[in-house]
Amino acid sequence: MVSRRQVLVAGAAGGAAILVPAGSTAAGRALAASTQLRGADIPKYVTPLRIPPAMPRVTSDPERDTYVVGVRQFRQQILPSSWPRTTVWGYGSTAHPDSFGYPAPSIVAQVNRPVRVTWVNELVDHRGDYLPHLLPVDPTLHWANPAGGRANRDGHGHPDGSRRGYRGPVPQVVHLHGGHSTQESDGHAEAWYLPVARDLPTDFAVTGSAYNDFRSRFAERSGLRWEAGSATFEYDNDQRPCTLWYHDHALGLTRENIYAGPAGFYLLGGDDLPDGVLPGPAPGHDDPPDTSYHDIPLLIQDRSFSPDGELVYPGNHHDGSAWTSAFSGSTIVVNGRTWPNLTVQRRRYRFRLLNGCNSRFLMLSVAAHATARPARPVLPIWQIGSDGGFLPEPVPHQGLTLGPAQRADVIVDFTGVPVGTELYLVNEGPEWAYDGGRPGVDFAPSDPRSTGQVMRFVVTEATAADPSVPPEHLQLPAHPRLGPAERVRRLSLNERMSGRSMVMLLGTLDERGRGLPMRWTDPATEQPLLGATEVWEVRNFTRNVHPVHLHQVQFELLGRGRSGRSEPRPGERGWMDTVLAYPWEVTRIKAHFDLPGHYSWHCHLLEHEDNEMMRPLNVLPRGGAAAGDGGSAGLPQAAATASTDAG
């Protein structure tokens with residue numbers, strides 16, 4: 001329980017944000033006091049919001065859109081313009097050098113129109129030598145481990161004595177998060193590849209242990225063979241319109257690779273609603289330079305910076321290890337800029353909110369005061385969609401909670417706000433691990449002088465009529481539901497001591513209902529049959545909330561609570577690919593597995609995912625035997641319906 005004194009101290013921080021000009025004596029003293037910038041010392045709302053443009057295509061023909069997307073290293077202005085630039089990684093079109101950015105340009109796609117992307121690892125310098133990681137890399141984890149050669153790749157490495165850890169070429173593989181992707185295009189954690197560099201050590205593995213198999217499968221399907229240092233994926237886009245995102249997924253390195261910058265939106269559009277019903281336009285191909293966007297993706301992340309503007313991430317332990325169980329940055333970055341400003345007209349705006357943080361949970365609201373706590377929302381956030389598409393009906397929120405990797409499709413209506421008004425998107429989520437509960441009651445909210453602020457809106461007069469429908473009157477497309485399940489799986493989230501640290505593990509249940517924790521390399525237990533619909537009951541035996549993500553599928557949340565039967569919240573009644581599992585509760589989801597092959601499911605707290613909180617998810621051909629996992633199969637139809645539809 002948060003004490004009254006903690007609440008008063010947090011609330012007393014209300015007032016204007018502290019603005020210390022770069023280069024001033026005060027700023028110099030602040031920077032000299034630490035190797036990490038204090039978020040409260042960085043000017044806020046002095047930089048306009050950057051809206052990621054559409055990713056340039058290589059070709060667009062009647063069959064598909066084709067892209068060639070690389071990941072490169074460059075410097076970008078993330079801090080205010082008078083402060084140093086930051087070295088980051090980011091995606092862009094290899095044929096358009098000016099397109100590279102953090103976040104990357106958005107891939108704009110249409111339902112049932114395939115997209116083919118060749119993803120290229122271009123983390124090399126101007127001489128063609130490989131670039132080491134920007135951050136400390138722990139070689140002792142179970143990770144890609146290219147230094148282990150073909151025999152020991154995708155396994156535990158060894159300390160190399162360096163305070164920076166592994167300094168070799170960096171593995172990459174891209175996962176379309178939330179995509180209904182075949183196995184060879186899913187971005188499997190063991191399908192990584194190194195860049196083509198002139199100085200690659202001859203004894204290194206240049207690809208992950210799953211790469212060759214998926215390359216062969218893709219060649220059989222398409223007639224194309226992947227080139228060295230790359231992988232070509234095909235996305236059929238045979239799912240509902242929704243907001244997806246793409247990011248790196250290399251085994252044991254996802255937390256640091258994403259932190260370095262490689263991430264972007266994948267905006268899957270469709271014709272579920274007539275043009276003009278929702279606010280628009282969103283960024284598209286061949287937009288004029290002066291296009292005014294009213295459908296805007298917002299990637300929200302926390303980052304820390306050194307006085308010279310470089311990214312700071314925990315590491316450099318005395319034994320050469322660099323893993324930490326959680327991360328909280330000292331600043332908030334939106335679309336690659338700290339605390340940006342967005343000028344909005346007196347009209348409705350659609351925002352695609354994405355929590356891209358490693359570990360931080362966000363609790364967002366629109367307030368008239370940047371630092372007053374508790375925050376007093378002045379405009380509702382109308383949620384119209386979740387991870388996998390539209391909700392059954394619009395849901396108004398005074399405060400919206402997003403765990404890492406979760407998305408919310410929302411509308412904010414500025415129509416009645418007076419010209420000149422300044423409003424703030426604020427965050428009252430916890431500064432560290434989230435255990436559930438309410439800010440100011442069960443935990444202290446994020447620092448209102450820094451990570452408690454996200455961005456500012458400045459309202460101006462509308463330049464044209466707004467044809468969009470007010471969110472409270474929206475009629476959203478019918479929401480399809482899954483049929484009865486033929487199997488119930490009982491799974492677990494666990495914590496165990498390993499040496500002197502706590503390790504989080506996924507697993508199943510034993511016959512007494514206790515957790516059976518397992519590691520990534522333990523035999524696969526989650527092996528549904530092709531075409532099966534299953535209920536997963538996930539029991540959280542840990543003290544923290546975990547965002548649980550399943551590859552391949554969008555699923556329904558049936559219920560949660562001690563028995564798993566409590567009704568989902570209104571904003572959770574649509575399709576999801578990442579669900580929050582609360583401590584000591586059962587989270588019940590239902591999914592349909594219609595693509596065969598090798599996938600995974602994992603916690604999307606990236607520090608947990610990178611240290612064993614990930615398990616195989618293998619979809620088997622019909623006729624095989626599903627693995628025993630403490631669940632039940634072959635239920636009579638009536639029993640299956642009762643078991644899965646009770647909520």
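## Helix α4 and what comes after it

Which residue follows α4, and what is the sign of its phi? That residue is Gly223, and its phi is positive, near 80°. The model here is a predicted one, so read everything below as a description of that prediction.

The helix itself, α4, covers residues 211-222. Its twelve residues stretch 16 Å from first C-alpha to last, close to the 16 Å you'd expect at 1.5 Å a residue. Four of its residues are buried: Tyr211, Phe214, Arg215 and Phe218. Look down the axis of α4 and the buried residues sit within an arc of 105°, so they line one face of the helix. The general geometry helps here: with 3.6 residues a turn in an α-helix, residues three or four places apart point the same way. As for what that buried set packs against, the partners are three strands: β5 (115-121), β9 (230-235) and β34 (597-603).

## Salt bridges between strands

Side chains of opposite charge can pair when their charged atoms come close. In this model the count of salt bridges comes to 39.

Take Asp295 and Arg352, whose side chains meet in a salt bridge at 2.9 Å, N to O. Asp295 belongs to strand β12 (residues 295-305) and Arg352 to strand β17 (residues 348-355), so this pair ties together parts that are 57 residues apart in sequence. Both ends are tucked away: Asp295 is buried at 5% relative accessible area, and Arg352 is buried at 9%.

Strand β17 turns up again with Arg348, which forms a salt bridge with Asp413; the closest N and O atoms are 3.3 Å apart. Asp413 lies in strand β23 (residues 407-413) and Arg348 in β17, so here the parts tied together are 65 residues apart in sequence. Arg348 counts as buried, with 9% relative accessibility.

## A network and a local pair

Salt bridges can also share partners, and in this model that joins Glu63, Arg64, Arg116 and Glu234 into one network.

Then there's the pair of Asp129 and Arg127, a salt bridge with its closest N and O atoms 3.3 Å apart. How exposed or buried is Asp129? Asp129 counts as buried, at 11% relative accessibility. Arg127, on the other hand, is partly exposed, with a relative accessible area of 45%.

## Around Val586

Val586 is in strand β33, which runs over residues 586-593. With a relative accessible area of 2%, Val586 is buried.

If you're listing its surroundings, set aside the neighbours within four places in sequence. What's left in contact with Val586 is Glu537, Val538 and Arg539, plus Gly559, Arg560, Gly561, Arg562, Ser563 and Gly564. For a C-alpha distance, try Phe541: Val586 and Phe541 are 45 residues apart in sequence and 9.4 Å apart in space.

## Around His608

His608 is part of helix α6 (residues 606-609). His608 is buried as well, with 6% relative accessibility.

Which residues does His608 contact, leaving aside its neighbours within four places in sequence? They are Ser325, Met504, His546, Cys603 and Met613.

Definitions and conventions: Residues numbered from 1 in each chain as written. Predicted model: local features only at pLDDT ≥ 70, side-chain atom pairs only at ≥ 80, totals over all residues. Heavy atoms only, no water. Salt bridge = Lys/Arg side-chain N within 4 Å of Asp/Glu carboxyl O. Buried < 20%, exposed > 50% of the residue type's maximum accessible area, 1.4 Å probe, protein only. Helix = DSSP H or I, 4+ residues; strand = E, 2+ residues; numbered from the N terminus. Expected span 1.5 Å × (residues − 1). Arc of directions from axis to C-beta. Contact = heavy atoms within 4.5 Å.
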